[in-house]
Amino acid sequence: MDSLVQRTLLPRPRTKRSAPQGAGLAVVTGGSSGIGQEAARLLARRGHPTVLIARRRDALNDLALELSALAPSMALALDVCDDQATQATFGQLVHDRGPVRVLVNCAGSGLYSPFLKHEPTDLRRMMEIHYFAAATAIRSVLPGMLDQRAGHVVNIGSMSTKMGPWGHSGYTAAKAALTALTQTLAADYASSGVHFSVVHPGIIDTPYFDTPDLQPLRQQLRRHLINPERVARTVVRLLDRPRLEVCVPHHYRLVDAIKALHPTMLHHLVASHSRPTKC
Ligand SMILES: NC(=O)c1ccc[n+]([C@@H]2O[C@H](COP(=O)([O-])OP(=O)(O)OC[C@H]3O[C@@H](n4cnc5c(N)ncnc54)[C@H](OP(=O)(O)O)[C@@H]3O)[C@@H](O)[C@H]2O)c1
């Protein structure tokens, strides 16, 4: 495993807060930045020993060091698109640390252009990072959760799955697969003691937009940007009050109602407003 990942296990700090009853091991993919970083902070603050997963070792180590003041924290550098490495890493983690109580599948990146401009490899990468990586992580931790009759898988979806905005075909299809996986898992394992949720963020102010293709979108949507901590708070709240699907901000759930009543109107509105001004 050491050839596949670099890891840092930080010592249990003297100042560790007492964990709330039932706080168990939490794993956050995409923990080096944005929503995942904020979710990891809040989980550690609740006393969950927290494992951070992403590719950038330095960013992970910095955060693990910060979190070690709240709860024992571990950083695992891993490209979750490498399925074998992901299986090996999660397998080793469960073997070494026991059952996972909370899994937040947050690792992700965007793709923004009309469908024919997407390279086939980009389309596959979207499915790998948003769907297959999450599915592999869930397959690794779910048996332990079922044995314990306790656990919560929170997948980070996207409001784009409810609206189908311009330029997001590859990304949205992958997030829709993740959403459908969450819904069906909740049916497969109803009454098992394990909960499944998908959180649909709107437009969140994170480094997600720091790529040349997505930067103009950040500019165009700047009035709607919200803080990643708000999504993280929703993730953590779900642990106390499990729900299958949540939108952030909360009022975006009205999109479902508008879609049910006027699907064509919603489609026209989204298609015209999400199109870049230069197109
Ligand atoms: N920002 C938004 O408006 C928005 C809206 C809806 C949904 N989301 C979703 O929210 C999630 C978090 O995004 P964010 O906004 O917080 O963006 P972000 O700050 O760019 O965070 C993305 C995280 O994913 C990690 N990551 C990317 N590729 C990876 C890979 N191959 N293997 C392992 N880790 C990988 C990144 O870490 P490394 O670079 O260190 O690997 C980083 O920690 C994503 O799934 C995104 O699709 C975001």
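A residue counts as buried when its relative accessible area is under 20%, as exposed when that area is over 50%, and as partly exposed in between. By this rule glutamate 66, with a relative accessible area of 38%, is partly exposed. The structure described here is a predicted model. This report treats the ligand, the salt bridges, the cysteines and some details of the backbone in turn.

## The ligand and its surroundings

The ligand is surrounded by 31 residues, and the closest are Ser32, Ser33, Arg55, Tyr171 and Thr206. Sorted by class, this shell consists of 16 nonpolar, 11 polar and 4 charged residues.

Several polar atoms of the protein lie at short listed distances from oxygen atoms of the ligand. In tyrosine 171, a polar side-chain atom is 2.7 Å from a ligand oxygen. The side chain of arginine 56 has an N or O atom 2.8 Å from an oxygen atom of the ligand. Isoleucine 204 takes part through its backbone, where a polar atom is 2.8 Å from a ligand oxygen. On its own the ligand has 880 Å² of accessible area, and the protein covers 95% of it. Three elements give two or more residues each to the shell: helix 1 (34-45), helix 4 (120-148) and helix 6 (169-188).

Serine 32, one of the closest residues to the ligand, is found in the loop between strand 2 (25-29) and helix 1. Is serine 32 buried or exposed? Its relative accessibility is 9%, so serine 32 counts as buried. The side chain of serine 32 is also joined to that of arginine 56 by a polar contact of 3.2 Å. Arginine 56 is thus named twice here, once for its distance of 2.8 Å to a ligand oxygen and once for its contact with serine 32.

## Salt bridges

Side chains of opposite charge can pair when their charged atoms come close. The model has 9 salt bridges. The table gives three of them, with the distance between N and O atoms.

| Positive partner | Negative partner | N to O distance |
|---|---|---|
| Arginine 41 | Glutamate 66 | 2.6 Å |
| Lysine 162 | Glutamate 245 | 3.4 Å |
| Arginine 218 | Aspartate 205 | 2.7 Å |

Each of these pairs links distant parts of the chain. Aspartate 205 lies in the loop between strand 7 (194-201) and helix 7 (215-220), while arginine 218 is in helix 7, 13 residues apart from it. Aspartate 205 is partly exposed, because its relative accessibility is 37%. Elsewhere, shared partners join the salt bridges of Glu38, Arg41 and Glu66 into one network.

Which elements hold the members of the pair formed by arginine 41 and glutamate 66? Arginine 41 belongs to helix 1 and glutamate 66 to helix 2 (residues 57-67), and 25 residues separate them. Arginine 41 counts as buried at 18% relative accessibility, whereas glutamate 66 is partly exposed at 38%.

In the pair of glutamate 245 and lysine 162, the side chains meet at 3.4 Å, N to O. Glutamate 245 is in strand 8 (residues 245-248) and lysine 162 in helix 5 (residues 160-163), 83 residues apart. Here glutamate 245 is partly exposed at 27% relative accessibility, and lysine 162 is buried, with a relative accessible area of 9%.

## Cysteines

A disulfide is a covalent bond between the sulfur atoms of two cysteines. How many disulfides does the structure hold? The number is 0. A disulfide requires two cysteine sulfur atoms within 2.5 Å. The closest cysteine sulfur to that of cysteine 81 is in cysteine 106, and it is 14 Å away, so the distance is too far for a bond. Cysteine 81 is partly exposed at 24% relative accessibility, and cysteine 106 is buried at 13%.

## Details of the backbone

The peptide bond from valine 248 to proline 249 is cis, with omega near 0 degrees. Proline 249 is located in the loop between strand 8 and helix 9 (254-261).

Two residues that are not glycine have a positive phi. In arginine 149, phi is near 55 degrees; this residue sits in the loop between helix 4 and strand 6 (151-156) and is exposed, with a relative accessible area of 53%. In serine 191, phi is about 65 degrees. Serine 191 has its place in the loop between helix 6 and strand 7, and with a relative accessible area of 70% it is exposed.

Finally, glutamine 183 lies in helix 6 and is partly exposed at 35% relative accessible area. Its C-alpha atom is separated by 8.2 Å from that of valine 198, 15 residues apart along the chain.

Terms used: Residues numbered from 1 in each chain as written. Predicted model: local features only at pLDDT ≥ 70, side-chain atom pairs only at ≥ 80, totals over all residues. Heavy atoms only, no water. Buried < 20%, exposed > 50% of the residue type's maximum accessible area, 1.4 Å probe, protein only. Near = heavy atom within 4 Å. Polar contact = N/O pair within 3.5 Å; in protein donor to acceptor, adjacent residues only side chain to side chain. Areas by Shrake-Rupley, 256 points an atom, 1.4 Å probe, with all protein chains shown as cover. Helix = DSSP H or I, 4+ residues; strand = E, 2+ residues; numbered from the N terminus. Nonpolar A, V, L, I, M, F, W, Y, C, P; charged D, E, K, R; others polar. Salt bridge = Lys/Arg side-chain N within 4 Å of Asp/Glu carboxyl O.
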